[in-house]
Amino acid sequence: MFHLGIPTTRAGTCVTSDSKVVRDVFYDGNPKNERCTVVLRIASTFIRFGSFEIFKPPDEYTGRKGPSVNRNDIRIQMLDYVISTFYPEIQEAHSDNSVQRNAAFFKEITKRTARLVAEWQCVGFCHGVLNTDNMSIVGLTIDYGPFGFMDRYDPEHVCNGSDNTGRYAYNKQPEVCKWNLGKLAEALVPELPLEISELILEEEYDAEFEKHYLQKMRKKLGLIQLELQEDSKLVSELLETMHLTGGDFTNIFCLMSSFPVDSDPSKDEDFLEELTSQCASVEELKVAFKPQMDPRQLSMMLMLAQSNPQLFALIGTKANINKELERIEQFSKLQQLTAADLLSRNKGHWKAGESKASQVRLQKEVESVGDADAWNADRVKVMNSNNPKYVLRNYIAQNAIEAAENGDFSEVRNVLKLLEHPFQEAEGFREVKEDAEEEGATAPAAACAEETRSRLPYCSKPPLWASELCVT
């Protein structure tokens, strides 16, 4: 995350021992022994939004309350410490008025959070557990648990296998971070009146998110000369086409730097071939849309929804049922779909939508510059420094984990080295990898895992077996 240029806490060391601890990894009643490991995390502070919720008054429904309820003296000390230490320019500007100072602080953390989430969305990063305790008071990505980078573009992608309701889905991240800021605002009362903080949140958050997101997306698409109102629609259409075709989020953006600016039929066709090679296969789509409920359970839930809506509301949601019905319909259609039909359909989507719109938009860029070749060189440079070639995909992490569990840490080191340069072609990396494999040849299980699973380049879209990976 750091090398992607995203504000984050750091990991200094990872120390693994031979001691074992029992963990029910998938919460399914099948615990297993895992090695005890300590990660040294580094940050300017680990104070979170949730740190201020220790003053929470009793909840009207549950009666639960914060351990430091009615201790406004501690809240004042915490605010003084956070602002004077981490926002000294705000402390200096408003040293004689605490409400104005606190309002300026809240405005700044609102804008930082909005920019942070915009950065996440632009690389397909999903945090997994975005509660108030996992939100940094200085605007960093914090508490890496069941996080993941999205492979096939799906706005409703959920990286956390235990997030059954999709509360922290990819497309919900901006909204839930805004909600968390609302909870921070509540926790700062009376030092910052709610009418002031709520107004700041409404005026600043969405505007800052949209501005930063669009700025970043323009760079990803090579729109470096003009800022046009239509750009937002262009981004939406690209993502919609990516969704329709099951395009790989990281690789489709990477390909955009080779998009032919001039309309040349042969170049257009070659680019189309490359694009469709990064779209989901029939087999991948069958795994993605495989029904998840037992048919009898679904039938019972549908009957319950009609006969006893109150009880249904306690044990299920209409959204989940609708999603399952959609899965069943899609899965049924996929049984009749051939690879040739899918390829033809995907080409049609890309031709009709993105390709034409992008060409028109890029022509406007060309017309606004004097030297088209210099502009194109700059455009490609900007795109290549904003579209990572390598991210920590689940299958890459899994290969490294399996090797490490068998005592071979060479793959962990290789992947770490690779991810320190996410925007660059990994020159000479294959040689490093082969040397590492030779060093680790004494670990037969690890070598076997390498043999069966590591034939793909690190920038490949995931193999089919990766769809079965579950992170909790």
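# Briefing: cores, ring pairs and local backbone features

S460 counts as buried, at 15% relative accessibility. The model is predicted, and S460 lies in the segment after α18 (444–453). Leaving aside neighbours within four places in sequence, the contacts of S460 are N251, R393 and Y395. Y395 is also one of the buried residues of α15. The points below cover the nonpolar cores, the aromatic and charged groups around rings, the backbone exceptions and two helices.

**Nonpolar cores**

- In soluble globular proteins, nonpolar side chains tend to be buried together.
- The largest nonpolar core here contains 77 residues, and F52, Y87, F105, F106 and I137 have the most contacts inside it.
- Helix α3 (residues 98–123) supplies the largest share of this core, with twelve residues.
- A second core, separate from the largest one, has seven residues, including Y390, Y395, V415 and Y458.
- I137 is in contact with T45, I47, R48, F49, F52, V82, Y87, F105, I109 and L184, leaving aside its neighbours within four places in sequence.
- Among these partners, F52, Y87 and F105 are also listed with I137 as residues with the most contacts inside the largest core.

**Aromatic pairs**

- There are 14 aromatic pairs in the structure.
- Y144 and F147 form an edge-to-face pair, because their ring planes stand at 85°, with the ring centres 5.4 Å apart.
- Both residues of this pair are partly exposed: Y144 has a relative accessible area of 32%, and F147 has 23%.
- Y153 and Y170 are also edge-to-face, with planes at 85° and ring centres 6.2 Å apart.
- Y153 and Y170 both lie in the loop between β4 (148–149) and α4 (173–187), so their pair ties together parts that are 17 residues apart in sequence.
- Y153 and Y170 are both buried.
- W120, F125, Y144, F147 and F149 are linked into a cluster by ring pairs.

**Charges over rings**

- R167 has its charged end over the ring of W179, 5.0 Å from the ring centre.
- K220 lies over the face of F253, and its distance from the ring centre is 4.5 Å.

**Backbone exceptions**

- Most residues other than glycine have a negative phi, and most peptide bonds are trans.
- The peptide bond between V189 and P190 is cis, with omega about 10°.
- P190 is in the loop between α4 and α5 (194–220).
- N70 is a residue other than glycine with a positive phi, near 70°.
- N70 sits in the loop between β2 (32–42) and α1 (72–86), and N70 is exposed, with a relative accessible area of 74%.
- D143, likewise not a glycine, has a positive phi near 65°.
- D143 belongs to the loop between β3 (125–126) and β4, and D143 is buried, with a relative accessible area of 17%.
- The burial call for D143 follows because its 17% is under the 20% cut-off.

**Helix α14**

- Helix α14 (residues 372–384) has 13 residues, and its span from first C-alpha to last is 18 Å, close to the 18 Å expected at 1.5 Å a residue.
- An α-helix has 3.6 residues a turn, so residues three or four places apart point the same way.
- The buried residues W375, R379 and M383 are in α14.
- W375, R379 and M383 cover an arc of only 65° around the axis, which puts them on the same side of α14.
- D373 and K381 are exposed, on the other side of α14.

**Helix α15 and what follows**

- Helix α15 (residues 394–405) has twelve residues and reaches 16 Å from its first C-alpha to its last, close to the 16 Å expected at 1.5 Å a residue.
- Buried residues of α15 are Y395, I396, N399, A400, E402, A403 and A404.
- Y395 from this helix belongs to the second core and is in contact with S460.
- G407 follows α15 and has a positive phi, near 90°.

Note on methods: Residues numbered from 1 in each chain as written. Predicted model: local features only at pLDDT ≥ 70, side-chain atom pairs only at ≥ 80, totals over all residues. Heavy atoms only, no water. Core = buried A, V, L, I, M, F, W, Y, C linked by side-chain atoms within 4.5 Å. Buried < 20%, exposed > 50% of the residue type's maximum accessible area, 1.4 Å probe, protein only. Helix = DSSP H or I, 4+ residues; strand = E, 2+ residues; numbered from the N terminus. Contact = heavy atoms within 4.5 Å. Phe/Tyr/Trp six-rings, centres within 6.5 Å; stacked < 30°, edge-to-face > 60°. Lys NZ or Arg CZ within 6 Å of the ring centre and 35° of its normal. Expected span 1.5 Å × (residues − 1). Arc of directions from axis to C-beta.
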